[in-house]
Amino acid sequence: MKALFSAAAIALTFAAFFPYIRSIRAGRTRPHVFSWLIWGVTTLLVFLATWAGGGGVGAWPTGVSALITFSIAWLAHVHGADREITTSDWLFLAGAASALPLWFLTADPLWAVVILTLVDLLGFGPTLRRAWGHPDQERVGFYSLFVLRNLLVLLSLERLTLTTALFPAAVGLACVGLVLLLLWRRRCLKA
């Protein structure tokens, strides 16, 4: 059953990312390269820590997501999606980058996941700022699928511990927050 949940999470990962990538290439979606770079690094490292912490097949969707996330960062850069990089964006990137070495200093997968989850959540900063000003340039459906995907990741974990569950739970909740912000801002701007 765990493998089935993992396969469903991987399928949702592809189902979410492919339309998102097409939307970037078409110029309809303009992701922030800093967010996606931070998310790529942290997702890859969390995959490794979750695997080491006994996540088993439940870690696979995170590994697949890491590879695709780096592709999104590259596309965001190539397509010039974030020409409005602000001082706060640089501060989020610097904060995330400065926290990354801390995960390496711990031999405990739990502390690595805690630190990397905090760094990953910092990655939402530039996207939240951009979503506030340009809510039409992000896809609600994409982040909604990631809420469901992270729920499936939690269900697919072979060992449900804080080490294995913290990252997908936190990212899932952050995606819920981003979806609510996008919907609220779109509604406000239409009024």
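Contact is taken here as heavy atoms within 4.5 Å. In the predicted model, Trp36 touches Phe17, Tyr20, Pro31, Thr69, Ile72, Ala73, Phe142 and Tyr143, with residues up to four places away in sequence not counted. Several of these names recur in the largest nonpolar core. That core holds 39 residues, of which Phe17, Tyr20, Trp36, Ile72, Phe142, Tyr143 and Leu178 touch the most other members. Two or more residues are given to this core by each of the helices H1 (2-26), H2 (33-52), H3 (60-78), H4 (87-105), H5, H6 (124-133), H7 and H8 (162-190).

Helix H3 comprises 19 residues, for which a rise of 1.5 Å a residue predicts a span of 27 Å; the end C-alpha atoms lie 28 Å apart, in agreement. Its buried residues are Pro61, Thr62, Gly63, Ser65, Ala66, Ile68, Thr69, Ile72, Ala73, Leu75 and Ala76. The buried residues of H3 pack against H1, H2, H7 and H8. After H3 comes Gly80, which has a positive phi near 55 degrees.

Helix H5 (residues 109-122) has 14 residues and an expected span of 20 Å at 1.5 Å a residue, which agrees with the 20 Å between its end C-alpha atoms. Buried in H5 are Ala112, Val113, Ile115, Leu116, Thr117, Val119 and Asp120.

At the surface, Leu148, Leu151 and Leu155 make a nonpolar patch of about 250 Å². Leu155 is located in helix H7 (residues 140-156). The relative accessible area of Leu155 is 38%, so this residue is classed as partly exposed, the class between under 20% for buried and over 50% for exposed.

Definitions and conventions
Residues numbered from 1 in each chain as written. Predicted model: local features only at pLDDT ≥ 70, side-chain atom pairs only at ≥ 80, totals over all residues. Heavy atoms only, no water. Patch = residues over 30% accessible without salt bridge, like charges linked within 9 Å, V, L, I, M, F, W, Y side chains within 5 Å. Areas by Shrake-Rupley, 256 points an atom, 1.4 Å probe, with all protein chains shown as cover. Salt bridge = Lys/Arg side-chain N within 4 Å of Asp/Glu carboxyl O. Helix = DSSP H or I, 4+ residues; strand = E, 2+ residues; numbered from the N terminus. Buried < 20%, exposed > 50% of the residue type's maximum accessible area, 1.4 Å probe, protein only. Expected span 1.5 Å × (residues − 1). Core = buried A, V, L, I, M, F, W, Y, C linked by side-chain atoms within 4.5 Å.
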